[in-house]
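Please work through the exercises below with the sequence and the model side by side. Try each task before reading its solution.

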Amino acid sequence: MKLIYDVNDKPKFSQTLVFAFQQMIAIMAATLLVPILMSTFAMSDGSTLSFDPAAALFGAGIGSIVYIFCTKRKSPVFLGSSFTFLGAYAAVIGANYGYWGVLIGIGFAGLVYVVLALVIKATGSGWVNKLMPAVIIGPIVALIGLSLSGTATGWMASNGGADYSLVTIAVGAFTFLAIVLASVKGGKTVKLIPFIVGIGAGYVIALILTLIGNAANVEALKILSFDSFKATFCPFKLTSIVDYPKFTFLKAIETNGQYPLDGAAIGNIALTFVPIAVVELAQHIADHKNLGNIINRDLITDPGLDKTLVGDGVGSIVGGIFGGAANTTYGESIGCVAITGNASIVSILTAAVGCMVLSFFTPFVAVINSIPKCVMGGACVALYGFIAVSGLQMLKRVDLGNNKNLFVVSAILVTGIGGLALNFGTNATTGGPLLTITSLATAFIFGIVTNLVVNGGHIGTGEDDIDPLTGSVKGMGDVQVEDTNAKKNSKKK
């Protein structure tokens, strides 16, 4: 696609601050939500651990900086808290492994990427393009966006709660349309910050409706919660303005000996986290294929899959030490790059530093926590939609009139959207599966197997098997019509 700012471009400082803030808003809601969810997981005695959202924000920032420098400043994407490992967190917390159990698990997950990077460094990454041609990577990328769509619509329909509301849908739709108008009809600067405009407009509408609802005592209009402000400013104290994030490694040190770990426990933690990290390789590759398609660069080759894996793995470990949650490349960040056309690595780096700095400012965290889920849902319709569409764009080189390709794409989309996950064993602590291969990874495996079957044991690209009619049409581009007519006319003479 056509970029307004390429990877190495450096916008003006004032513009960079605005672009960075937009990236921060795009990734922040999900990044802050993960530690909140982790804080609800109970141990065997019913008590819970406490994971600080501000610490997760700091961890995402420092993890992104590690990733940026590991990838030689060539891959403009932000790392945020990963939802993939929520089941693993629940398992280790439920087994009373405490904060150290969570940190050790994140360490194992990150090391998986580092080991895979060393293997790829030794063997090369050429196999990746062969294993994931357009006929497979296209629907996988589309699936990433489509699989997230339920989150966006769910937030719009119930504002993150359980009750359906047409009011919150209207607010989410208003937010989405504000983003659309800013991106399509806005001036040059506005087109670069559509999410700030849209989310800001949605927040104002939600605030107005909430004030009316409070005054008239109409529950349906009470969309925006002031709880985060009450917790921050009531009572008012110094920490209401500035407070250090409650880093997870500090909590782990404080509870030394409270949650004892032995060799068996560490082995169980490894068995819980390592398989998930392995199957998530498919999403890592898909994210970077998608981002590369957006910025017109092959990130698998340059800076190389080995470097993106090291960046993701080490960035996740470093971010987890501070924030308590494993990090991963964020689709919201990629979607933001796609919609705004701003791939400047300086913007991503500034956003990372901004997250670290602002995690110390309590009012900022309170404001972000107060953004209604329906507003973020409207924004995510655009973000996740662009991810899905960018995957479909990869299919433009694939002949879907050929049944071989049609079956491969169908297998991936239906199993992925349908949520076909593979569960193995039973976790004695939680009662859930011991190992789950996510629906995305299952769809990836299903697609590869289907591709091998229809192509007689070989990986088909989807681009070579073109039907005769399509081949004839393509061949017409080589016919010199004018020269042929000229020859006929010369014969007549």
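The exercises that follow deal with a helix, cysteines, aromatic rings, salt bridges and a surface patch.

This is a predicted model, in which local features need pLDDT of at least 70 and side-chain atom pairs count only at pLDDT 80 or more, while totals for chains, interfaces and linings use all residues. Residues are numbered from 1 along each chain as its sequence is written, and side-chain values use heavy atoms, with hydrogens and water left out.

**Exercise 1. Compare the expected span of helix α4 with the distance between its end C-alpha atoms.**

Helices are DSSP runs of H or I with at least four residues, strands are runs of E with at least two, and both are numbered from the N terminus. The expected span of a helix is 1.5 Å times one less than its number of residues. Helix α4 covers residues 98-123, which is 26 residues, so a span of 38 Å is expected, and this agrees with the 38 Å between its end C-alpha atoms. After α4 comes Gly-124, with a positive phi near 90 degrees.

**Exercise 2. Find how many disulfides the structure holds, and explain why Cys-336 is or is not bonded to Cys-380.**

A disulfide is a covalent bond between the sulfur atoms of two cysteines, and here it is counted when two cysteine sulfur atoms lie within 2.5 Å. The structure holds zero disulfides. The cysteine sulfur closest to that of Cys-336 belongs to Cys-380 and is 11 Å away, which is too far for a bond. For Cys-374, which is in no disulfide, the nearest cysteine sulfur is again that of Cys-380, at 12 Å. Buried means under 20% relative accessible area, exposed means over 50%, and partly exposed lies in between, using a 1.4 Å probe and protein chains only. Cys-336 is buried because its relative accessible area is 2%, and Cys-374 is buried at 0%.

**Exercise 3. Describe the aromatic pair of Phe-58 and Phe-322, and say where its members lie.**

Rings of Phe, Tyr and Trp (its six-membered ring) pair if their centres lie within 6.5 Å; planes under 30 degrees apart are stacked, over 60 edge-to-face, and the rest tilted. The count by this rule is 12 aromatic pairs. Phe-58 and Phe-322 make a tilted pair, with 5.2 Å from centre to centre and 50 degrees between the planes. Phe-58 belongs to helix α2 (residues 53-70) and Phe-322 to helix α13 (residues 300-323), so that the pair links parts of the chain 264 residues apart. Phe-58 is buried at 9% relative accessible area, and ring pairs link Phe-58 and Phe-322 with Phe-247, Phe-249 and Phe-360 into a cluster.

**Exercise 4. Trace the salt bridges made by Asp-302 and Asp-306.**

A salt bridge needs a side-chain nitrogen of Lys or Arg within 4 Å of a carboxyl oxygen of Asp or Glu, and the count is six. Asp-302 pairs with Lys-74, their closest N and O atoms being 2.8 Å apart; Asp-302 is in helix α13, whereas Lys-74 is in the loop between α2 and β1 (79-81), 228 residues apart. Asp-306 meets Lys-121 at 4.0 Å, N to O. Because Asp-306 lies in helix α13 and Lys-121 in helix α4, this pair ties together parts 185 residues apart in sequence. Asp-306 is buried at 13%, whereas Lys-121 is exposed at 58%. Lys-121, Asp-306 and Lys-307 are linked in a network of salt bridges.
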